[in-house]
Amino acid sequence: MRATLDEAQRQRRGFDLRPALAGPITANVTLTFERNDPPDVGVTLDLTESRIEGIIPGFSKRAGQPGRVTFDYEAKGDRVLLGNLVVDLPGISLKGRIDLQ
(Lines give C-alpha, C1' and ligand atoms only; values in the text may rest on other atoms or scores of the structure.)
Protein backbone atom coordinates (compact mmCIF):
# COMPACT_ATOMS: atom_id res chain seq x y z
CA MET A 1 0.00 0.00 0.00
CA ARG A 2 1.22 3.49 -0.75
CA ALA A 3 -0.11 6.77 0.59
CA THR A 4 1.11 10.34 0.81
CA LEU A 5 0.08 12.18 3.96
CA ASP A 6 0.25 15.94 4.32
CA GLU A 7 0.26 17.82 7.62
CA ALA A 8 -3.54 18.03 7.91
CA GLN A 9 -3.97 14.31 7.25
CA ARG A 10 -1.31 13.39 9.83
CA GLN A 11 -2.93 15.72 12.37
CA ARG A 12 -6.35 14.08 11.88
CA ARG A 13 -4.75 10.68 12.49
CA GLY A 14 -3.00 11.80 15.69
CA PHE A 15 0.52 12.16 14.24
CA ASP A 16 0.90 15.92 14.53
CA LEU A 17 4.61 16.69 14.78
CA ARG A 18 4.42 20.36 13.80
CA PRO A 19 6.52 22.46 13.77
CA ALA A 20 9.35 19.89 13.80
CA LEU A 21 8.05 18.05 10.73
CA ALA A 22 6.35 19.84 7.85
CA GLY A 23 5.34 18.80 4.36
CA PRO A 24 4.20 15.55 2.79
CA ILE A 25 5.45 12.09 3.71
CA THR A 26 5.02 9.16 1.36
CA ALA A 27 4.49 5.87 3.19
CA ASN A 28 4.87 2.44 1.62
CA VAL A 29 3.50 -0.40 3.74
CA THR A 30 4.11 -4.03 2.81
CA LEU A 31 2.15 -6.86 4.40
CA THR A 32 3.41 -10.44 4.20
CA PHE A 33 1.01 -13.17 5.27
CA GLU A 34 1.98 -16.64 6.42
CA ARG A 35 -0.38 -19.34 7.57
CA ASN A 36 -1.21 -19.22 11.32
CA ASP A 37 1.07 -16.22 11.96
CA PRO A 38 0.26 -12.52 12.25
CA PRO A 39 1.26 -10.57 9.14
CA ASP A 40 4.73 -9.10 8.84
CA VAL A 41 4.49 -5.33 8.34
CA GLY A 42 7.29 -3.42 6.63
CA VAL A 43 7.16 0.38 6.49
CA THR A 44 9.19 2.81 4.36
CA LEU A 45 8.74 6.55 4.86
CA ASP A 46 10.05 8.86 2.14
CA LEU A 47 10.83 12.22 3.74
CA THR A 48 12.32 13.85 0.63
CA GLU A 49 9.57 16.47 0.33
CA SER A 50 9.41 17.10 4.09
CA ARG A 51 11.15 19.73 6.18
CA ILE A 52 12.58 18.61 9.54
CA GLU A 53 13.78 21.05 12.18
CA GLY A 54 14.25 20.88 15.93
CA ILE A 55 13.88 17.12 16.46
CA ILE A 56 17.62 16.76 17.11
CA PRO A 57 19.50 19.83 18.38
CA GLY A 58 21.42 21.47 15.54
CA PHE A 59 19.89 19.28 12.83
CA SER A 60 17.62 20.42 10.03
CA LYS A 61 16.59 19.00 6.67
CA ARG A 62 15.07 21.17 3.99
CA ALA A 63 12.36 19.97 1.62
CA GLY A 64 13.92 18.39 -1.45
CA GLN A 65 16.85 16.80 0.39
CA PRO A 66 16.69 13.00 0.47
CA GLY A 67 15.44 11.37 3.63
CA ARG A 68 14.15 7.92 4.42
CA VAL A 69 13.06 5.83 7.39
CA THR A 70 12.41 2.09 7.21
CA PHE A 71 11.27 -0.35 9.89
CA ASP A 72 9.34 -3.54 10.60
CA TYR A 73 6.23 -2.94 12.71
CA GLU A 74 5.04 -5.47 15.27
CA ALA A 75 2.29 -5.07 17.91
CA LYS A 76 2.59 -7.34 20.96
CA GLY A 77 -0.16 -6.68 23.49
CA ASP A 78 0.41 -3.17 24.82
CA ARG A 79 3.86 -2.93 23.19
CA VAL A 80 4.86 -1.77 19.72
CA LEU A 81 8.18 -2.92 18.33
CA LEU A 82 9.94 -1.11 15.50
CA GLY A 83 12.57 -3.59 14.39
CA ASN A 84 15.23 -3.28 11.70
CA LEU A 85 14.92 0.50 12.06
CA VAL A 86 17.04 2.51 9.62
CA VAL A 87 17.01 6.32 9.60
CA ASP A 88 18.87 7.86 6.67
CA LEU A 89 18.89 11.66 6.66
CA PRO A 90 21.49 14.19 5.50
CA GLY A 91 24.35 13.84 7.98
CA ILE A 92 22.54 11.25 10.12
CA SER A 93 22.47 7.48 9.80
CA LEU A 94 20.88 5.44 12.58
CA LYS A 95 20.15 1.73 12.85
CA GLY A 96 18.49 -0.14 15.65
CA ARG A 97 15.23 -1.12 17.29
CA ILE A 98 12.63 0.77 19.32
CA ASP A 99 10.36 -0.85 21.91
CA LEU A 100 7.39 1.37 22.79
CA GLN A 101 5.32 0.51 25.85
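In this short talk I will go through the salt bridges, one of the sheets and two surface patches of this structure. Please keep in mind throughout that the model is a predicted one.

Let me begin with the salt bridges, of which a search of the whole structure finds three. As general background, side chains of opposite charge can pair when their charged atoms come close. In one of these bridges, the side chains of aspartate 99 and arginine 79 meet with an N to O distance of 2.6 Å. This pair links distant parts of the chain, since aspartate 99 belongs to strand 9, residues 92-100, while arginine 79 belongs to strand 8, and the two positions lie 20 residues apart in the count along the sequence. Aspartate 99 is partly exposed, with a relative accessible area of 34%, and arginine 79 also counts as partly exposed, at 27%. While we are at arginine 79, which is placed in strand 8, residues 79-89, let me add that its C-alpha is 27 Å from that of glycine 67, although these two residues are 12 apart in sequence.

Another salt bridge joins glutamate 74 to lysine 76, at 3.6 Å from N to O; glutamate 74 is partly exposed at 38%, and lysine 76 is partly exposed at 42%. There is also a bridge between arginine 51 and glutamate 53, whose closest N and O atoms are 3.7 Å apart. Here arginine 51 has a relative accessible area of 35% and is partly exposed, as is glutamate 53 at 45%.

Those residue numbers bring us to strand 5, which covers residues 51-53 and is joined to strand 2 by two bridges, the two strands running antiparallel. Across this pairing, leucine 21 stands opposite isoleucine 52. The sheet itself is open and consists of three strands in the order 2-5-6, with antiparallel pairing. Strand 2 (21-22) and strand 6 (60-61) are at the edges and each has a single partner strand, so one side of each is left without a neighbour in the sheet.

Finally, I turn to the surface. Which residues form the negative patch? They are Glu34, Asp37, Asp40 and Asp72. Of these, glutamate 34 lies in the loop between strand 3 (25-32) and strand 4 (40-46), and with a relative accessible area of 47% this glutamate 34 is partly exposed. A nonpolar patch of about 370 Å² is made by Met1, Leu31 and Phe33. Leucine 31 is found in strand 3, and at 38% relative accessibility leucine 31 counts as partly exposed.

Key:
Residues are numbered from 1 along each chain as its sequence is written. This is a predicted model: local features need pLDDT of at least 70, side-chain atom pairs count only at pLDDT 80 or more; totals for chains, interfaces and linings use all residues. Side-chain values use heavy atoms; hydrogens and water are left out. Patches are made of residues with over 30% relative accessible area and no salt bridge: like charges are joined within 9 Å, nonpolar side chains (Val, Leu, Ile, Met, Phe, Trp, Tyr) within 5 Å. Accessible areas come from the Shrake-Rupley method with a 1.4 Å probe; for residues, only the protein chains shown count as cover. A salt bridge is a side-chain nitrogen of Lys or Arg within 4 Å of a carboxyl oxygen of Asp or Glu. Lys and Arg count as positive and Asp and Glu as negative; His and the chain ends are not counted. The place of a charge is taken as NZ of Lys, CZ of Arg, CG of Asp or CD of Glu. Helices (H or I, at least four residues) and strands (E, at least two) are DSSP runs, numbered from the N terminus. Buried means under 20% relative accessible area, exposed over 50%, partly exposed in between (1.4 Å probe, protein chains only). Two strands pair if DSSP finds at least two bridges between them.
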